[in-house]
Amino acid sequence: AKDTKDEDKLYRYKGVLYPRLMCPEEHLKVLGTFQAREDDVMTVAYPKCGFNWMVGVVKRITDIIESTGVKPESKGAPLIEFMGPDILKDLAQDPSPRVLGTHMHPDNIPASFYAKKTKMLVIFRNPKDTLVSYYHFYNNNVVLPTVQSWESFFSDFMSGEVCWGSYFDHALAWEKMMDDPNVMIVTYEDIKQDLIQGIRQISAFFGFSLTEAQVQHVAGESSFSAMKARATNTHGVMAGVVFRKGEVGDWRNHFTPEQSKEMDEAFNKHLAGTRLGAKLRY
Ligand code: A3P
């Protein structure tokens with residue numbers, strides 16, 4: 001990817017930008033035929049909302065459930081759009097529960113997840129911190145183009161011209177699914193405030209019962225510092241940027257007052273009065 005020119009790194013599929021190296025068209029084309037299982041453990045997030053954090057949590061929970069101990073962490077982000085035909089074939093042989101994830105818009109998640117009523121944990125994050133995290137991610141990731149400037153990335157994010165599309169499109173689509181018993185929406189901010197409670201809710205949602213000691217153990221392993229300490233093993237060269245800062249409110253170090261106002265206006269226009277919007281106050 002280092003040799004790939006910036007202008008070739010992204011492409012559009014059905015109107016939305018994707019990183020060509022990770023999700024080429026052949027991956028997205030076969031997604032429609034993905035065979036989900038009722039007991040798949042699925043995590044969904046718009047990019048930079050805390051996906052790797054929640055995947056880390058569910059991996060720790062499922063490891064405890066599958067055995068009495070804790071297995072070494074498996075590598076990589078289990079994004080179904082990164083897999084492609086060969087890996088998908090192997091995945092079909094994997095024992096349950098499979099830990100899977102996606103950044104796809106809910107309308108583009110394979111239909112079998114809905115047909116099988118697979119439980120989906122969705123994590124959202126306030127748009128200002130999401131934008132900041134995304135900006136750093138673009139600039140420290142060889143599969144993505146280096147952004148020209150903070151200002152240009154800001155306007156690309158606001159208009160949805162970033163990988164996986166518009167933050168607001170995703171938020172509005174999930175908002176409509178808040179009452180679906182197979183969907184649980186959590187926020188980065190709530191989990192940050194009370195990780196232990198979050199772990200209790202997440203394990204209950206997936207139907208796993210953990211003892212209080214196991215909940216405490218998962219929380220200890222899922223703190224920012226614990227995950228960052230393991231990140232070279234779990235995320236290789238991406239360690240530093242996936243586990244960058246891990247805080248609420250870093251946007252204050254980046255946004256101008258005008259940009260903050262513009263985001264507030266967009267947020268209000270799209271999400272004011274919605275239940276998801278109420279959960280995302282920043
Ligand atoms: P920052 O860039 O603001 O630090 P994703 O996994 O969806 O790409 O999201 C990445 C963001 O989640 C990064 O935000 C990262 O630091 C944060 N993050 C990852 N693990 C975390 C943890 N255990 N606790 C808090 N934040 C975490």
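In this predicted model, Leu 121 is in contact with a set of residues that lie beyond its neighbours within four places in sequence, namely Met 42, Thr 43, Met 54, Val 58, Met 184, Val 186, Ile 202 and Phe 205. One of these partners, Met 184, belongs to strand E6, where it stands opposite Leu 121.

These contacts can be set beside the nonpolar core. In soluble globular proteins, nonpolar side chains tend to be buried together. Here the largest nonpolar core has 54 residues, and those with the most contacts inside it are Met 54, Leu 121, Val 122 and Ile 123. Helix H2, which covers residues 51-66, gives this core its largest share, eight residues.

The sheet comes next. Strands of a sheet pair through backbone hydrogen bonds, either parallel or antiparallel. In this model four strands form an open sheet, and following the order E4-E3-E5-E6 the reader will find that the pairing is parallel. Strand E4 (99-102) and strand E6 (183-187) each have a single partner strand and stand at the edges, so one side of each is left without a neighbour in the sheet. From one strand to the next, the twist averages 25°. Strand E5, made of residues 120-124, pairs with E6 in the parallel sense over five bridges.

The ligand is the last stop. It is surrounded by 22 residues, of which the closest are Phe 51, Asn 52, Ser 133, Arg 244 and Gly 246. At least two residues of this shell are supplied by each of H2, helix H5 (127-139) and helix H11 (224-235). By character, the residues of the shell divide into nine nonpolar, seven polar and six charged.

Key:
Residues are numbered from 1 along each chain as its sequence is written. This is a predicted model: local features need pLDDT of at least 70, side-chain atom pairs count only at pLDDT 80 or more; totals for chains, interfaces and linings use all residues. Two strands pair if DSSP finds at least two bridges between them. Axes are lines fitted to C-alpha atoms, for helices over the stretch in contact, and angles run from 0 to 180 degrees between N-to-C directions. A nonpolar core is a set of buried Ala, Val, Leu, Ile, Met, Phe, Trp, Tyr and Cys residues joined through C-beta atoms within 7 Å. A residue is buried if 20 or more other C-beta atoms lie within 10 Å of its own, exposed if 12 or fewer, and partly exposed in between; C-beta atoms are placed from the backbone. Two residues are in contact if their C-beta atoms, placed from the backbone, lie within 7 Å. A residue is near a molecule or strand if its C-beta atom, placed from the backbone, lies within 6 Å of it. Ala, Val, Leu, Ile, Met, Phe, Trp, Tyr, Cys and Pro count as nonpolar, Asp, Glu, Lys and Arg as charged, and the others, Gly among them, as polar.
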